[in-house]
Amino acid sequence: MYYLENSDEESVYDKHLTYKVRKGDTLQSVADELGIDSQELRRYHNIYCPLPDLIEADFKSYLKFVILASEETKAKVKEEILKKPKKVIFGNDYKIPFLSEKSTKTYKAKYTTVAGSAVDVIEMTIGVKWLATDKNKYHLFEINREKEIYVNGSPPDSVIQELEAKTAEVLYPLKIVVDEFGKWVDIYNYDEIESRWPKIKREVLDYYEGEVAETYMEQTEYALENSDTLLESLRSDYFLRTFFNGIHVGYTGVYSFETEVSFPLEKDEESVFKVKQKIDAVLDDNDLIRIEQKGDYVDTGYDVIYGYAPWKGNFSSVYFLNPDSYNIEKLNAQCNIEYDEPIKATIEIELVKKEENQDN
């Protein structure tokens, strides 16, 4: 047992709460008994003790008392510790781990596109479920999209919008392959998706007719022609491209690096941006990991060859990750290019109903 007391000696020890050192005590053993960090125990004692009684590597043989912080002081110290920014825990080589095992989460997604004066806002709910991981650290995920989609605040209300929503049902559930850096690399269940098409096609043809419906049938069948054409078609999917963007990488000792990001600002076309990707070394005010990508459009140069001024544009994204699971809780991505008519896309994705999302 240990006990706390005030020394009978007329000294500095009379003014503080103290621990009486017993035979065999060490700095670590006393810290363990008191439930105090050994470095904090030494630090506080050394602030107030006489110079000869300083604790160095361990107690001096003649040390009789260790000065302890009062409960009030402990509370103040704890408060100061809580105020200090919490550091991000990195893996080897400053890598952000990709830990998605056994997770099932639901996200709200909102896409805002601007082309000239036309503005469209699409909102939907998307489920992301981890299924498996192989020996090469490739992950299998299942993506589900709820049937309810809102276009400019309302359910689809035009034939084109309805057709687009209906034909897209053939994709879900969609199973994708994601690498160890969190980047989407392939489709896993092409055969399963293709087998759904005859039923969806019959439902569409029973309800819709005319040239518009035939055009959507042709586009869908072309995308489903083989796994490569489907993969190419899905490269324009804003959710897959931003959510599985490969941000779980090494961030170097300076917490940033330069890279290129490609983004499907226009359907079936890739725009390239040279960006600086960086991570904050401490958690933000909401105790989340913050990762940012920001940079400018890389012009192909063809416009300059033909005497036109180069196109300009920029890309920016911010990701907020849970510091324990490293899973995405929220992201906001935006890119634009100043063509003859400026085009712009904004993608907002946020975790919903945390208490209902499962991690087991």
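Over residues 1-10 the pLDDT (the predictor's confidence in each residue, from 0 to 100) stays under 50. The model still has 28 contacts (heavy atoms within 4.5 Å) beyond four places in sequence for that stretch. This is a predicted model, where local features need pLDDT of at least 70, side-chain atom pairs count only at pLDDT 80 or more, and totals for chains, interfaces and linings use all residues. Residues are numbered from 1 along each chain as its sequence is written, and side-chain values use heavy atoms, with hydrogens and water left out.

**Confidence**
- Residues 355-360 also stay under a pLDDT of 50, with twelve contacts beyond four places in sequence.
- The chain averages 88, and 91% of the residues score at least 70.
- By element (helices are DSSP runs of H or I, at least four residues, and strands are runs of E, at least two, numbered from the N terminus), strand β1 (residues 4-5) has the lowest mean pLDDT at 43, and strand β8 (residues 174-178) the highest at 98.

**Annotated stretch**
- An unreviewed UniProt entry puts "domain: LysM" on residues 17-63; such annotations may be inferred rather than shown by experiment.
- Those residues, 17-63, are 40% helix and 9% strand, with end C-alpha atoms 15 Å apart.

**Largest pocket**
- On a 1 Å grid over the protein atoms alone, a pocket is an open set of points with protein on both sides within 12 Å along at least five of seven lines, whereas a cavity is a set where a 1.4 Å probe fits but cannot get out; lining residues have an atom within 4 Å of a point.
- The largest pocket holds about 1600 Å³ of space, a volume being the space filled by probe spheres set on the points.
- Its lining runs to 48 residues, and Ile 122, Glu 164, Ser 236, Asp 237 and Lys 267 are the closest to the centre.
- Helix α4 (residues 159-168) gives the most to this lining, six residues.
- By class, the pocket lining has 31 nonpolar, eight polar and nine charged residues.

**Cavities**
- There are two cavities of 30 Å³ or more.
- The largest cavity has a volume of about 140 Å³.
- Of the 14 residues lining the largest cavity, Phe 98, Ser 100, Phe 243, Asn 327 and Ile 328 are the closest to its centre.
- The second largest cavity comes to about 40 Å³, and its lining includes Arg 241, Phe 263 and Tyr 319.
- Strand β10 supplies the largest share of that second lining, three residues.

Key
Ala, Val, Leu, Ile, Met, Phe, Trp, Tyr, Cys and Pro count as nonpolar, Asp, Glu, Lys and Arg as charged, and the others, Gly among them, as polar.
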